[in-house]
Structure formats: C-alpha cells, structure tokens
Amino acid sequence: KPMLVKGGGVGIAVPSAPSTILSAVMINETRLAAVSSTGDRVIAELDFARGETGTAVAVSPDASLIAVGIQVQGGSGELRFAKLSGGSTLAFVGESLPMPSPPNKLAFSPNSTIIAVGEASRRVKLYSVKDRTPVLGGGIVHTARVDALAFDSSGTRLASGGMDGSIAVWPVLSDSEPLRLLSAHRSGVTGIGFADSKTLVTSG
C-alpha cells in the first residue's frame, strides 16, 4: 500500500540488482529516507542540517552506498555519501565534496567505482567513489541545468540530458569530446537511458 514520507519528494533511487538492504531511497528538501527491502515501510531517515536542502539521490547497484546532493546556504552545493547500517540507521560517511552549484542529478557506474554528477550550473562531472577525486570525462555542453544522467551497461559511456533539450554521450575516463544532439527535445530532457549498446532512449 502507499507510504507517506514527511516533506514530500524531490527524487527517488532504486538499486539495479535485488537487494536485502533496501528497495529504494527517497530524498526531499529536508531529509533522506530508506525503504525496506520488502518495500512496505520506511526503515531509516536522515535529517539535513538547518540551511541545507536535498537536491538529488542515487544508490549503488548493490545498495551498499547512497550518493546525496545538497544545496547549502549561499546557493553552492555538496556531494555526500551515506550508508544504511544495522538495518535502521542512515548516516553520512567520509568527506563531502564541495561544488559551485548543487548536484541536480546523480548516477553510479555499473561497478560502483564512479559517480556522475549533473550540476544545476550545466556541468557534468565524474568522480572516483573510492578516492572522492575527479576523473576524466564530462564537461559543459548543455546551456541549462542537467536534468538526466545514465551510464551504459559497460560503464564506458555516460549520457546526459539538459533542460535546454540537448543530449550528450560522454566517454568515461577520457577527455575526448562527447557526441551531441543539441535539439533532441523542444523542451527539457527529463529522462535518459541506454536500451542497448546502440540505442539511447530519452523523454522530455
């Protein structure tokens, strides 16, 4: 049956493989919430500090790590990571990564080694999950906020879609230029994904 999470919703993420840890993670402006592996109840919540606003969420394929986008006072952003421990406690782990603008979309690579960040400031960035350091790939091709991100099944390509209606396919761990389609949609791109190695599906 439907579940209610205090504060409404900004985003939701589900692990790509069956998990005994959790079935979904939801984020709104004030908190993060984890849903049980059976999908019938909220098992843990993490409240953000005063002056912080939740903007984006992603969960690793095995559900062992959660990426969280935060807008902080002044309009800048942070990328943080959280874990569910003991089946009932959500907590941030490791150092946060400061950003000039808030993360608007997040995506883990299939092997969980890279996190992709689509910023409100139009930039796509890639980071090592282990080291929390930038890796090759990404940049600016969109003229407005990044609203969609997806890795292909091999983790060697990342697709992004912007509020300006454009899409790009970036080579991962490479500084090569992306493939671009500047007018994929008349309005913004709201969803993107690889149907197979040769087919990209978008919505907008």
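**Exercise 1.** In this predicted model, classify Asp152 as buried or exposed, then describe its salt bridge with Arg157.

*Solution.* Step 1: buried means under 20% relative accessible area. Step 2: Asp152 has a relative accessible area of 7%, so Asp152 is buried. Step 3: the side chains of Asp152 and Arg157 form a salt bridge, with 3.0 Å from N to O. Step 4: Arg157 is partly exposed, at 25%.

**Exercise 2.** Find which strands the salt bridge between Arg31 and Asp47 ties together.

*Solution.* Step 1: the N to O distance in this pair is 3.1 Å. Step 2: Arg31 belongs to strand β3 (residues 31–35) and Asp47 to strand β4 (residues 42–47), so the bridge links parts 16 residues apart in sequence. Step 3: Arg31 is buried, with a relative accessible area of 14%.

**Exercise 3.** Assess the accessibility of Arg180 and of Glu177.

*Solution.* Step 1: their side chains meet in a salt bridge of 2.8 Å, N to O. Step 2: exposed means over 50% relative accessible area. Step 3: Glu177, at 59%, is therefore exposed. Step 4: Arg180, at 48%, is partly exposed.

**Exercise 4.** Work out the strand order of the open four-stranded sheet and its pairing.

*Solution.* Step 1: the order is β5-β6-β7-β8, with antiparallel pairing. Step 2: β5 (53–59) and β8 (89–99) are the edge strands, each pairing on one side only. Step 3: neighbouring strands are turned by 25° against each other on average, direction ignored. Step 4: eight bridges join β7 (residues 77–85) to β8. Step 5: Lys83 has Ala91 in β8 as its bridge partner.

Note on methods. Residues are numbered from 1 along each chain as its sequence is written. This is a predicted model: local features need pLDDT of at least 70, side-chain atom pairs count only at pLDDT 80 or more; totals for chains, interfaces and linings use all residues. Side-chain values use heavy atoms; hydrogens and water are left out. Two strands pair if DSSP finds at least two bridges between them. Helices (H or I, at least four residues) and strands (E, at least two) are DSSP runs, numbered from the N terminus. Axes are lines fitted to C-alpha atoms, for helices over the stretch in contact, and angles run from 0 to 180 degrees between N-to-C directions. A salt bridge is a side-chain nitrogen of Lys or Arg within 4 Å of a carboxyl oxygen of Asp or Glu. Buried means under 20% relative accessible area, exposed over 50%, partly exposed in between (1.4 Å probe, protein chains only).
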